[in-house]
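Subject: Structure handover

Hello,

Here is the structure I promised you. Please open it first, then read my notes below.

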Amino acid sequence: MVNDEVRLDRHGVTPDLPKSRSRVRGSTVFLRCFLFPLVLIAVTPSVVLLLWGCGVWLDGSLAALVTPAGFARVLRHLPAPSLSAALMICGFVLFQAVLLKLLPGRVHRGPVTPAGVRPVYRANGIGALLVTHAVFLGASAGLRLFPAGILYDRFGSLLITACLLCFGLCLVLYYRGLRRPSGPDAGSTGHPVLDYFWGTELHPSVRGLDLKQLFNCRVGMMSWSLLTVSFGAAQYERTGSVSSAMAVSAFLQLAYILKFFYWEDGYCATLDIMHDRFGYYLCWGVTVWLPGVYTLAGHYLVTHPRQLSWTASAALLLLGLTALALNYSADEQKQRVRRTHGETRVWGSPPKLIHARFTTGDGETHRSLLLYSGWWGLARHFHYLPEFLVALAWTLPVGHGHALPYFYLVYLAVLLLDRCGRDERRCREKYGAAYEEYCQKVRWRIIPRVY
Ligand code: NDP
């Protein structure tokens with residue numbers, strides 16, 4: 001049975017539950033603390049595997065997947081977990097942990113947590129990106145120890161193995177957060193299923209290594225980058241060349257990932273890191289969902305080589321790179337204003353700021369700045385628009401043959417809309433009247449004059 005009491009932390013560390021009352025209606029609790037997380041845990045692995053199967057066995061046709069024959073075909077060919085895949089995954093995670101720990105890089109302190117802690121990160125993402133790709137390409141194309149397209153060839157087995165390993169890891173994280181947490185930002189909501197799904201710790205670490213930085217950045221984003229390179233190589237191994245559609249799509253994805261690692265410090269001040277605990281939602285999300293879903297366009301292009309005209313290639317590159325620059329500029333603007341305590345210029349003028357306060361769990365009051373000029377004066381989450389556009393630019397090269405590669409775009413749109421709402425609820429809770437004032441000054445949520 002689900003008990004009807006939910007223990008809540010400050011600033012919504014517990015996911016999107018009614019914050020004003022510590023006791024909420026039993027049916028709501030049943031849905032949010034038991035059924036909803038349980039359904040997501042049960043359904044999301046199947047979705048990833050079905051999408052993979054649809055790409056490999058049904059030519060990327062989602063319409064075929066929903067027919068009994070198509071569905072049965074994918075089920076018959078579902079990949080099996082393997083020891084070699086487990087060794088590849090564990091070796092990769094260990095390698096990333098060593099790079100994170102040993103590569104030189106500035107020590108960076110993240111934003112203060114609800115319990116008043118400032119987590120420590122190492123800023124060596126670009127170094128890790130270069131070393132990882134040098135080792136992968138050196139071992140495959142250089143020493144010919146394995147074909148560079150190996151990740152495409154073994155993708156199904158890697159996905160299902162990662163999925164099973166991650167189920168176990170999330171269980172370890174769950175117990176560790178309850179019994180021996182790494183810091184004070186930990187605890188139970190009183191609901192085991194929700195705790196497993198959402199996590200019991202905000203910043204779990206092992207021997208000083210921050211697990212969120214390791215998994216979100218170095219495992220999730222790094223594997224996306226390696227998969228993109230490997231998918232390009234797999235197309236070359238099959239057709240003897242890399243099509244312009246693959247080149248444009250891969251180039252934009254790699255540019256996005258390079259920007260991510262350049263801006264990794266900034267990522268440590270985003271919702272994933274500041275707000276979301278490290279449980280199934282994040283840990284499984286970045287280890288299985290991200291490699292399985294974000295790479296759909298590249299995966300599809302391996303067996304669908306298309307040649308784009310020079311004009312189409314140039315237009316897509318222009319759209320993607322412009323959107324990437326705008327997204328970076330918005331993130332950078334906000335972080336620079338905070339870092340310099342407002343002593344900077346935004347679009348050539350002094351920034352317009354709201355001075356906000358918030359209180360952490362240890363009772364201390366802190367100050368913060370809410371920017372309402374520049375991109376942050378156009379809309380409260382304007383940067384989500386270019387985030388979507390850059391993904392559109394690397395997906396459009398797949399053409400209009402099948403719907404599968406567009407799945408990521410639909411998912412991203414839903415994710416960003418949901419995230420916008422979650423972030424605003426969290427900010428209202430944290431800053432109260434100051435955030436209301438910001439919402440009055442900046443009326444639009446994402447697209448000025450539209451939404
Ligand atoms: P944001 O970068 O929007 O950060 C939200 C936080 O910024 C808020 O919680 C608040 O934190 C602070 N903030 C909000 N408004 C203001 C303001 N006006 N002035 C100053 N600070 C403010 O969050 P995301 O984590 O959603 O996005 C980060 C990046 O990641 C973006 O580039 C986004 O596009 C990208 N992204 C990519 C996704 C993907 O899967 N491809 C998914 C989601 C995001 P505080 O508590 O510090 O005040």
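Does Ile354 count as buried or exposed? Ile354 counts as buried, because its relative accessibility is 3% and the cut-off for buried is under 20%. Please keep in mind that this is a predicted model.

**Ile354**

Ile354 sits in strand 5, which covers residues 353-359. Leaving out residues up to four places away in sequence, Ile354 touches Ser368, Leu369, Leu370, Tyr372, Ala434, Glu437, Tyr438 and Lys441. One of these is worth a look in the viewer: Ala434. Along the chain, Ile354 and Ala434 are 80 residues apart. Their C-alpha atoms are separated by 6.9 Å.

**Two domains**

The chain splits into domain 1 (80-307) and domain 2 (321-451). Their C-alpha centres are 24 Å apart. Domain 1 puts 34 residues into the contact, and domain 2 puts in 33.

**The ligand**

Where does the ligand lie relative to domain 1 and domain 2? The ligand lies between them, because both domains give residues to the shell around it.

There are 29 residues around the ligand. Those that come nearest are Tyr384, Glu387, Arg419, Asp423 and Tyr431. By class, the shell has 17 nonpolar, 4 polar and 8 charged residues.

Several elements supply at least two shell residues each. They are:

- helix 12 (271-274)
- helix 15 (310-339)
- strand 6 (365-371)
- helix 17 (384-395)
- helix 18 (407-431)

Helix 18 gives the most, with 10 residues.

Three polar side chains deserve a look:

| Residue | Ligand atom | Distance |
|---|---|---|
| Tyr384 | oxygen | 2.3 Å |
| Asn327 | oxygen | 3.1 Å |
| Tyr256 | nitrogen | 3.5 Å |

In each row, the distance runs from a polar side-chain atom of the residue to the ligand atom. How much of the ligand does the protein bury? The ligand taken alone exposes 910 Å², and the protein buries 95% of that.

**Leu252 and Ala393**

Take these two together. Leu252 belongs to helix 10, residues 244-262. Ala393 belongs to helix 17. Leu252 counts as buried because its relative accessibility is 1%. Ala393 counts as buried too, at 0%.

The two residues touch each other. Setting aside neighbours within four places in sequence, Leu252 is in contact with Leu316, Leu317, Gly320, Leu321, Ala393 and Trp394. On the same basis, Ala393 touches Leu252, Leu316, Leu319 and Gly320. Leu316 and Gly320 therefore appear in both lists, given contact as heavy atoms within 4.5 Å.

Two longer spans may help you get oriented. From Leu252 to Lys101, the C-alpha atoms are separated by 29 Å, with the two positions 151 residues apart in chain numbering. From Ala393 to Glu436, the C-alpha separation is 35 Å, and the two are 43 residues apart along the chain.

**Gln235**

Is Gln235 buried or exposed? Gln235 is buried, with a relative accessible area of 0%. Gln235 lies in helix 9, residues 211-239. Not counting residues up to four places away in sequence, Gln235 touches Gly240, Ser241, Val242, Ser243, Met246, Leu301, Val302 and Pro305.

**Two arginines in loops**

Which loop holds Arg144? Arg144 is in the loop between helix 5 (125-142) and helix 6 (150-153). Its phi is near 55°, a positive value in a residue other than glycine. Arg144 is exposed, with a relative accessible area of 69%.

Arg207 lies in the loop between strand 3 (205-206) and strand 4 (209-210). Its phi is near 45°, again positive in a residue other than glycine. Arg207 is exposed, at a relative accessible area of 79%.

**Where to start**

I suggest opening the ligand view. Tyr384 is among the residues that come nearest to the ligand, and a polar side-chain atom of Tyr384 lies 2.3 Å from a ligand oxygen. Then turn to Leu252 and Ala393, which are in contact.

Best wishes

How values were computed:
Residues are numbered from 1 along each chain as its sequence is written. This is a predicted model: local features need pLDDT of at least 70, side-chain atom pairs count only at pLDDT 80 or more; totals for chains, interfaces and linings use all residues. Side-chain values use heavy atoms; hydrogens and water are left out. Helices (H or I, at least four residues) and strands (E, at least two) are DSSP runs, numbered from the N terminus. Buried means under 20% relative accessible area, exposed over 50%, partly exposed in between (1.4 Å probe, protein chains only). A residue is near a molecule or strand if one of its heavy atoms lies within 4 Å of it. A polar contact is a pair of N or O atoms within 3.5 Å; within protein, one must be able to donate a hydrogen and the other to accept it, and residues adjacent in sequence count only if both atoms are side-chain atoms. Accessible areas come from the Shrake-Rupley method with a 1.4 Å probe; for residues, only the protein chains shown count as cover. Ala, Val, Leu, Ile, Met, Phe, Trp, Tyr, Cys and Pro count as nonpolar, Asp, Glu, Lys and Arg as charged, and the others, Gly among them, as polar. Domain bounds come from an automatic or database domain assignment.
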